[in-house]
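Please open the model in your viewer and keep the selection panel at hand. The stops below are meant to be taken in order, each beginning with something to select.

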Amino acid sequence: MLYSIQIGNAAAKNWVQFAYDFKLNRTSNFQVALDGITSEYLNEYDTENEIKIYRSGVLEFRGIITLQKSLIAGGVVLSGLGIEIELTDNKSPMVGSAISRVWNSTSDHTIFSTLITSVTGWDVDVTNSTGSNLASFRTTASESVWNAVISLITQTGKDIYIDQENKKVYLYDELTRESKFSFIEGKNARNITRTKSRSKAGKVIVYGKGDGENQIIGSHGASTPVETVIDRNIISETEANARAVTEYNKLNPNPKSYKLTPIYSNGLRLGDSGQISSNSAKINEEVDLVRIKRVVSNLGKEEISIEVTNPENRQAKKTRADELNKQEANYRQSQSSMQGSGNTLTWAGLINGNNTAPLNLTFNVPSNYIENEAGNIQINSFTLDFDIDKFRSEIGTASEDNVAPDVLNSSGNTAPSVSGSSSNQSAGVSGSSANQSAGVSGTSENQGASEQGYAFSGYNDRIEDDMDGSWNNASTSINLGSSNYLFHGIFASFSIISVMGSGSFSLDVDLYVRAYNSDGGEYYPDSDGIRVLQRMEVDDDVAITTCPSMYIHVPKNWSSENIKLQFKSDNVSSDIERANMTYSYHGSEGHTHGDGSYSGDSHAHSDGTYSGDSHAHSDGTYSADSHGHSDGTYSAESHKHNVVIGDEVSDAENLNASSVDIHLDYWNGSSWDEDKHTILNTNKTLDTDVDLSNGGIYPDNSGYWRVRIYTDNATADLIKSIVKIKHNLEN
C-alpha cells in the first residue's frame, strides 16, 4: 500500500479513508476513519496522541488527535490539527510577572525567534527572510504563540512554512516558487472554477489599543468600501498604519479564488505559482497556490483538490471553523489585553506677583503616566487656566480702642502684729579640752636599700643546644610586673662539651644569646642576638670548656611583660658535641626602714569634746501674728479691649494688571530650558483652557516642567492658575 498511518505507538489498522489539508499561513488539519476497532486499539487511538501519515515511506503529515468519535460496529473517526497545534496551545512568552510584552525598534527576526523557541522542541529558520525593524510589537499573556506569529507576519506581509517532521518554522519574505505548474482543463485538471468578488477594501482602518480619543488608529486608502481591522495589541500609530497597508494590499484588488482537481500534482507546495486555463470557463491566469487537500481511500483512490488565488490575495477562503476561531481569538484578546484608561493631572498655585516677580508653578509629568508600552507619549491636551485678582494680604481688617483697666476696691495700710518674744540666753559650754601634745614612739634609723641578686626558685636553669643553628628557649620566663622588685637583666654562662682527642685542637663555634619579649614580640638587643664566643684553643684532655659569661640588660619599656632568654650556636666543628647555657634573672630587692615607721604615740583629750550646753529659747519661735488685708485683694476690674473686626478681606482697591505673559520651561536635569513655548500679551486677566502644547508638541518629555506667569504692571496683584494634562493612563 502506498500510504501507512501510525497513531500513538500502534499502526492504524482497518482505516477506511483519511484526508489532510494544508493552507498557506494557517494551521493544517486531518481526519481519519477506521472500522472494526477493538477496545485495546481504541485506547491507543485516543485524543492527545500523535498521528503520522506516510506516503511511500515519506512523512506527509504529523498532527495531534483532538477529537475521537466512536461509531457502531467498531467504527472510529479521528480528527485534529497539525503538530503546530503546540504553538496554539502555548501562550506568548512574558518577562517575569508581566501580562504583556513589548518590543520597540526590534528586528522581526528577533521577535519571531523569541516567540517560536519559547515552545519546547521548536526552532526557526529566517535565512529566506530580510530582517526589518518594527517600530513596536506587542503580545499579551492571554495570546497564543501562533496568533502572535500570525499578527507579526500580517504586519510585515511575510509568509511562514511549517516543517512538521523537525518542528521548525521557516520565515519567508514570500513563500513562492515560480512556474511550478500549468493546469489545463481536460488535460491534467478538471473542474476548474473561479469566484471573483467585489473589492473588500477601498480603505482600511485599523483600530489598536485604547478607547475613545486615546484609541490607536491607522488607515490606508481613501475610497469605499471601508474594511475595519481590530487588533488590541497594536500600540502605536506607526504600527497601525503599517498593518493598514498590508491589509489593503490583500483586500483592495478584486479577490479571485479558483478551485480545481488536478489529475497529477506531486511535488507541489504551498505558495507555488503557475498557470491555469480553461477555454470553456474563459480562464487563463497566473495564480498562487494557497491550499492543498488530499483525500485517500483504502481502495487506493486518491483525490487532490487545490485552491489558488490571484497573486495579490494569497489567502485561502476561510471556512466556518476559521471564522469562529478568529472571532474567538479577537474576543479573548479584547477582554484580556490591557487597554489603559483616560486620566487628568492638575496642578494649582497662587501668589501675589507683578511684571518682575511671577507665579512659578512647577510640576512633574511622570513617564509611567503619560507613556504607553511603546514609549510613545499619549497626551490629549495640555492647558492652563489663569485668573488675576486684586492684591490679597490674606488677613481681615481690624481696629482696637485704647481702654485702660479700672481697679476694684482699695487696700488698707494694716501692719501685721507679732506674737511672743524671744529672751536673750547664751549657750553654756560643758567640759574643757586639755592642752596635750602627741608623743612619738620609736625612732627611724637611716638605712639605705640593699641590692641583692635576683634568682627566683626554679629560674636557675640550663639550656642544651644541639648546635643546629636554631634558637632554643629558656624553659622559664619572668613577668617584670609580677613582684615588687627592680629588674635589671638576665645573667647567662656557657660551656662547650667536646669529644676528647689527642693533642690540642680548636673549638670553632659561634654562640649567640638574646632576650625575647613574648608579649610584645620584640627582641633585645635585636633578632640576631649578641655573639658570645667565636674561637678558642682546647687541650686534648678537656671535655668541658667554660666560655665567657654574658649579662643582658632589658629595656625599661619592657616593664610588666613576659621575658625569657633564647640561645643558639653556629659554625660547629666536628669535635663539638653540644653547647650548654645556664641562666638566671637578675635584679635588686626593694628597701625599707629597718625599725618600722616613724609615728606619733596614741593620745586623747582627757576631758572629752569641747561643746556647748543644751539650751532653748524659753518663749518659742519669734513669729508674726496671722493677719489679712481687711478690704480684700487688690485687683483690676473685668474689662474688654474693644477690638472690632471689619467685613472686608483686605483686597487692594483696584486691579493693577490688564494682561499676562505665559512662559513654559523644562528642567533638563541641570538647568531650566526656558521658553520652550511662550504666550505673550494675552490682553486678559482671566482665561481658561489656554493651549500650552503649542499645537500638540509639548510636553515632549517626561520630567519636571514649569509655567511662569507675569503681569504687565509693577504693582502686585494676586495671580492664580491651574495646569491640566489630559492623557491615557496605563493600568
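The tour goes from the whole chain to a hairpin, then to a pocket, a residue in a strand, and finally a cavity and a helix.

**The whole chain**

Begin with the entire protein chain in a cartoon view, bearing in mind that this is a predicted model. The chain holds seven helices and 50 strands, and of its 731 residues 38% are buried. If you draw the contacts with a sequence separation of 6 or more, 74% of them turn out to be between residues 24 or more positions apart.

**Strands 3, 4 and 7**

Next select strand 4, residues 29-34, and show its side chains: Phe30, Val32 and Leu34 make up the covered face, whereas Asn29, Gln31 and Ala33 make up the uncovered one. Add strand 3, residues 15-23, which runs antiparallel to strand 4 and is joined to it by six bridges; phenylalanine 18 has valine 32 in strand 4 as its bridge partner. Five residues separate strand 3 from strand 4 in this hairpin, and in the turn asparagine 25 adopts a positive phi of about 60°. Now bring in strand 7, residues 76-82, which pairs with strand 4 over six bridges, again in the antiparallel sense, and look for alanine 33, which stands opposite valine 77 of strand 7.

**The second largest pocket**

Keep strand 3 in view and turn to the second largest pocket, whose volume is about 720 Å³. Its lining comprises 31 residues, and a selection of Phe22, Glu60, Tyr161, Leu268 and Arg269 picks out those closest to the pocket centre. Strand 3, strand 6 (58-70), strand 11 (159-163) and strand 20 each supply at least two lining residues, with strand 6 giving the most, namely five. Colouring the lining of this pocket by residue class shows 14 nonpolar, seven polar and ten charged residues.

**Glutamate 285**

Which strand holds glutamate 285? Select strand 20, residues 283-297, and you will find it there. Is glutamate 285 buried or exposed? Its relative accessibility is 16%, so it counts as buried, the limit being under 20%. Display the side chain of arginine 194 as well, since a polar contact of 2.6 Å joins it to the side chain of glutamate 285. Leaving aside residues up to four places away in sequence, glutamate 285 touches Arg194, Lys256, Tyr258, Gly274, Gln275 and Ile276.

**The largest cavity and helix 4**

For the last stop, move to the cavities, of which a search of the whole structure finds two of 30 Å³ or more. The largest cavity encloses about 60 Å³ of space, and it can be located by selecting its lining residues, among them Phe137, Arg138, Glu143, Asp231 and Arg243. Strand 10 (133-140), helix 4 (145-156) and helix 5 (237-251) each contribute at least two residues to that lining, which divides into two nonpolar, three polar and five charged residues.

From there, stay on helix 4 and select alanine 148, which is buried, with a relative accessible area of 0%. Beyond residues up to four places away in sequence, alanine 148 touches Ser92, Leu115, Phe137, Thr139 and Glu143; two of these, Phe137 and Glu143, also appear in the lining of the largest cavity. To finish, draw a distance from alanine 148 to isoleucine 116, which lies 32 residues away in sequence and 9.6 Å away in space, C-alpha to C-alpha.

Definitions and conventions. Residues numbered from 1 in each chain as written. Predicted model: local features only at pLDDT ≥ 70, side-chain atom pairs only at ≥ 80, totals over all residues. Heavy atoms only, no water. Helix = DSSP H or I, 4+ residues; strand = E, 2+ residues; numbered from the N terminus. Buried < 20%, exposed > 50% of the residue type's maximum accessible area, 1.4 Å probe, protein only. Polar contact = N/O pair within 3.5 Å; in protein donor to acceptor, adjacent residues only side chain to side chain. Contact = heavy atoms within 4.5 Å. 1 Å grid on protein atoms, 1.4 Å probe; cavity = no way out; pocket = protein on both sides within 12 Å on 5 of 7 lines; lining within 4 Å. Points joined across faces, edges and corners; volume = space filled by probe spheres on them. Nonpolar A, V, L, I, M, F, W, Y, C, P; charged D, E, K, R; others polar. Pairing = 2+ DSSP bridges.
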